[in-house]
Amino acid sequence: MDHKELKQFPSDFLWGSASAAYQVEGAWDEDGKGVSVWDNYVRIPGKTFKDTNGDVAVDHYHRYKEDVKLMAEQGLKAYRFSVAWTRIFPNGRGEVNQKGLQFYVDLVDELIAHNIEPVLTLYHWDIPQALQDEYGGWESRKIIADFNNYAKTLFETFRGKVKYWVSLNEQNIFTAHGWLMGIHPPDKKEPKLFYEVNHIANLVNATVINTFHEMKMDGKIGPSFAYSPQYALDSNPKNILAAENAEDALSHFWMDVYLYGEYPIAIFNRLKEQGIAPTFEEGDAELLKSAKPDFLGINYYQSNTVAWNPLENGVGMGEMNTTGKKGTSGESGEPGLYKRVVNPHVERTNWDWEIDPTGIRVAMRRITSRYRVPILITENGLGEYDKVEDGKIHDDYRIDYLSKHVSAIREAISDGATVLGYCTWSYTDLLSWLNGYQKRYGFVYVDQDETMQGSLKRIPKDSYYWYKDVIEKNGSEN
């Protein structure tokens with residue numbers, strides 16, 4: 001819909017940016033930190049682009065004061081970061097590693113001293129290797145108690161300081177990549193196990209949200225979901241049905257559980273027919289329905305366009321583009337449900353991600369109408385090649401991308417969505433998991449090349465100053 005006049009962003013809108021522990025901190029074995037599954041996975045040849053790792057990352061662990069100073073000078077209102085479970089409990093449980101905990105206490109205090117709201121993510125994929133070895137990590141219900149103990153430790157530590165909490169980051173991604181596609185640890189391709197793992201993660205999420213509320217924490221908590229709204233290629237009824245299938249299988253399968261405590265009917269029925277539906281034990285259904293998130297975090301990067309995919313000889317799982325060579329991603333889909341196709345109406349990045357600012361408005365509209373829950377945009381950004389020219393980085397392409405998404409968010413607010421804030425991905429350049437260091441997202445350039453060589457010097461990009469202006473004007477003249 002068009003509006004004669006758009007609503008303003010709320011006066012307390014959280015203009016922020018984001019990161020994740022493994023991708024920025026480094027110091028992978030310092031001050032008593034334990035080993036995570038990612039510390040080991042990156043050491044398997046060929047698993048990441050040019051075998052890059054996060055041993056040093058961008059050294060945020062030692063340079064956090066410098067990074068926070070840059071945030072303050074930019075006028076940032078919020079900074080979303082994750083805690084490395086292995087810094088708090090090196091083996092997943094037991095005695096608290098005080099040195100590891102102190103790093104986050106110091107970081108939070110530094111943020112608060114500069115009037116930056118901390119947004120703390122409990123889990124951004126780096127489970128302790130000790131728990132993976134002991135009972136299979138997310139494959140066992142034992143993780144529910146261990147994760148809850150870890151979360152309670154952080155709740156108690158930061159009571160009154162941290163008001164915004166993300167329980168699990170992109171559960172749909174870390175479960176699918178780890179147990180369905182076999183491109184993240186623990187590197188498995190077992191559909192039945194994938195659905196069991198995902199169900200256990202839902203139980204963990206629900207337990208932690210209930211614990212947060214039972215402890216009467218002063219703040220809000222919710223999961224962060226990687227949402228790509230699904231479009232039908234055209235009005236062919238088969239393609240419309242494919243889009244419905246994809247939205248159910250790739251989005252509602254998580255968001256319905258978060259907000260309703262139930263899996264979508266059609267997809268769950270299909271899983272039962274295939275014999276791969278997750279196991280419900282006594283109390284599971286009640287637990288899932290009892291946990292009410294205070295907001296839904298959304299990580300939005302792209303929309304997806306789909307077409308019908310026949311059960312016989314249909315397209316299956318394709319190859320991801322992790323090299324940055326445009327056009328190298330393969331067709332992918334699930335036979336009998338959908339297949340992803342190229343949208344002729346949008347451009348793509350060098351990593352074949354569709355650039356669709358309108359999609360974030362579509363996403364927020366769908367969430368608002370279906371779930372009636374406040375939204376916090378926890379990630380949105382453009383991964384691209386950046387070049388230093390005369391000591392500066394002219395990333396007009398990133399400014400264009402972000403500017404159009406900010407405008408779309410304002411339109412969604414005018415449509416009626418309740419949006420708490422907007423955290424870009426990412427604040428500094430960082431290790432992009434499988435894509436290494438050549439894929440840059442940050443407002444702040446970090447001098448480190450794709451082979452992990454460089455001074456780690458921080459250089460604000462043109463987008464840094466653009467966002468500074470957006471924040472000063474509260475988005476009114478974006």
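How far apart are the mean positions of the 52 positive and 69 negative charges of the chain? They are 2 Å apart, in what is a predicted model. The legends below start with the whole chain and then move in.

**Figure 1. The whole chain, with its 15 helices and 16 strands.** Here is the fold before we zoom in. The C-alpha atoms fill a box of roughly 55 × 55 × 45 Å along the principal axes. The radius of gyration is 21 Å, which agrees with the value near 23 Å for a compact globule of 478 residues. Of these 478 residues, 60% count as buried. Contacts with a separation of 6 or more are mostly long-range: residues 24 or more positions apart account for 76% of them. The accessible surface comes to about 18800 Å², and carbon and sulfur atoms contribute 49% of that.

**Figure 2. The largest nonpolar core, a set of 138 residues.** Look for Leu122, Trp138, Phe147, Leu154, Phe155, Trp165 and Ile298, the residues with the most contacts inside this core. Helix α9 (residues 191-214) gives the most to the core, with twelve residues. Another core, of eight residues, lies apart from the largest one; Val166, Phe295, Leu376 and Leu420 are among its members. As a friendly reminder, nonpolar side chains in soluble globular proteins tend to be buried together.

**Figure 3. The surroundings of Ile298, a residue of the largest core.** Leaving aside residues up to four places away in sequence, Ile298 touches Ser224, Phe225, Tyr227 and Met255. The same list of contacts continues with Ile367, Ile375, Leu376, Ile377, Thr378 and Glu379.

**Figure 4. Helix α8 (residues 171-179), a mostly covered helix.** How many of its nine residues are buried? Eight of the nine are. They are Gln171, Asn172, Phe174, Thr175, Ala176, His177, Gly178 and Trp179. If you would like to see what covers these buried residues, the elements include strands β3 (117-123), β4 (164-169) and β5 (220-226), along with helices α9 and α10 (237-260).

**Figure 5. Ile355 in strand β12 (residues 354-355).** Is Ile355 buried or partly exposed? Ile355 counts as partly exposed because its relative accessibility is 26%. Beyond residues up to four places away in sequence, Ile355 touches Val346, Glu347, Arg348, Thr349 and Tyr401. To give a sense of scale, Val419 is 64 residues from Ile355 in sequence, and their C-alpha atoms are 21 Å apart in space.

Note on methods:
Residues numbered from 1 in each chain as written. Predicted model: local features only at pLDDT ≥ 70, side-chain atom pairs only at ≥ 80, totals over all residues. Heavy atoms only, no water. Core = buried A, V, L, I, M, F, W, Y, C linked by side-chain atoms within 4.5 Å. Buried < 20%, exposed > 50% of the residue type's maximum accessible area, 1.4 Å probe, protein only. Helix = DSSP H or I, 4+ residues; strand = E, 2+ residues; numbered from the N terminus. Contact = heavy atoms within 4.5 Å. Rg over C-alpha atoms; globule rule 2.2 N^0.38 Å. Areas by Shrake-Rupley, 256 points an atom, 1.4 Å probe, with all protein chains shown as cover. Lys, Arg positive; Asp, Glu negative; His and termini not counted. Charge placed at Lys NZ, Arg CZ, Asp CG, Glu CD.
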